[in-house]
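Got the viewer open? Let's take a walk through this one, stop by stop, and I'll tell you what to select.

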Amino acid sequence: MRVFGDTSAAFPFPLTARNFGGYFAFQIMLSGTSEEILFRALVMTPLLAYGKNSGLAEKPNALLAGGISTLIFMLAHINIALDPLRVTHFSILQQLTVLTFGAFYAFLFVKTRSILGPILAHNLLNAVIVTIGLVLFLVFG
Amino acid sequence: MMIKHNWQAVGKIGLLGLVYFFLTRLISEIAFLLAQPMYQPLRAFDPDGSFLYISLHHLWQGLFALLVIPPRNWSCFSACSGFSFRAVSAR
């Protein structure tokens, strides 16, 4: 059943109830959970530990580890094809969004000393972005 | 002397970051490779490819990331990174 008609920039698939429901469920349950384990828990913990053992002060150490994990997070949102080597997806707006949110999740990770905070924030923010995308699509088409 | 030591540490952390960049990229690529054959027989549930393929990819990606994290890092974040609750509450 096609509910909202055609595809849009926010939803690169036909906007049926099933497609939207599945996509929303993915965003609110899986996207942040998987990405925070990969980009914050896996990357930041050893960087923070190495910095501490090397004698770096608390704040510069957190900034460095958070900056590196955010940079990796940004690079992960650029799609590259290897044969031939080319960039297949790059969006400056998405990069700015990922930079802002990535820094926020890193900040949360350091402040809460837990991966749960960034996971909850990431899932919730993604769900909000999808909902806003749907509202904008319904209003402006 | 201290400043030189710190810059060496920053350089080493940068190199470590580069290693982790390639590791995250490798995990993501392997997750895509494993999600593809799983998605094909389940395609009837998501014929437009709107959520199932990316969900399977993220499941594999999270699972591999969990497997790669050394077990000692599960509980050592506070101890290993040098942050303390007391330091935060004292501000």
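Start by selecting Tyr23(A) and Phe26(A) in helix α1 of chain A, residues 17-53. These two are three residues apart in that helix, so about one helical turn separates them. Keep in mind as you look that this is a predicted model. Are Tyr23(A) and Phe26(A) buried or exposed? Both are buried.

Now show their rings. In general, you describe a pair of aromatic rings by how far apart the centres are and by the angle of the planes. A search of the whole structure turns up 13 aromatic pairs over all chains. Select Phe11(A) and Phe20(A) for one example: the ring centres are 5.8 Å apart and the planes sit at 70 degrees, so this pair is edge-to-face, the label for angles over 60. Phe11(A) is buried, with a relative accessible area of just 1%, and Phe20(A) is buried too, at 14%. Then hop back to Tyr23(A) and Phe26(A): here the centres are 6.3 Å apart and the planes are at 35 degrees, so that pair is tilted.

Which residues form one aromatic cluster here? Add Phe13(A) and Phe24(A) to your selection: together with Phe11(A), Phe20(A), Tyr23(A) and Phe26(A), they make up one aromatic cluster.

Next stop: select Arg40(A) and Phe73(A). The charged end of Arg40(A) sits over the ring of Phe73(A), 4.6 Å from the ring's centre.

Time to bring in chain B. Show α1(A) along with helix α2 of chain B, residues 52-68. The two helices pack at an angle of about 30 degrees, and their axes are 9 Å apart. That angle makes α1(A) roughly parallel to α2(B), because the cut-off for that label is under 35 degrees. Their crossing is left-handed.

Want to see who meets whom? On the α1(A) side, pick out residues including Phe26(A), Leu30(A), Ile37(A), Leu38(A) and Leu42(A). On the α2(B) side, the residues in contact include Ile54(B), His58(B), Leu59(B), Gln61(B) and Leu66(B). Phe26(A), from your opening stop, is one of the residues that α1(A) brings to this meeting.

Last stop: select Ser28(B), which you'll find in helix α1 of chain B, residues 2-39. Ser28(B) is buried, with a relative accessible area of 15%. What does Ser28(B) touch, not counting residues up to four places away in sequence? Light up His57(B) and Gln61(B), and you have the answer. Gln61(B) should look familiar, as one of the α2(B) residues that meet α1(A).

Notes:
Residues numbered from 1 in each chain as written. Chains lettered and ligands numbered in written order. Predicted model: local features only at pLDDT ≥ 70, side-chain atom pairs only at ≥ 80, totals over all residues. Heavy atoms only, no water. Phe/Tyr/Trp six-rings, centres within 6.5 Å; stacked < 30°, edge-to-face > 60°. Buried < 20%, exposed > 50% of the residue type's maximum accessible area, 1.4 Å probe, protein only. Helix = DSSP H or I, 4+ residues; strand = E, 2+ residues; numbered from the N terminus. Lys NZ or Arg CZ within 6 Å of the ring centre and 35° of its normal. Axes fitted to C-alpha atoms, helices over the stretch in contact; angles between N-to-C directions. Parallel < 35°, antiparallel > 145°, perpendicular 65-115°, else oblique. Left-handed = near helix turned anticlockwise from the far one by under 90°. Contact = heavy atoms within 4.5 Å.
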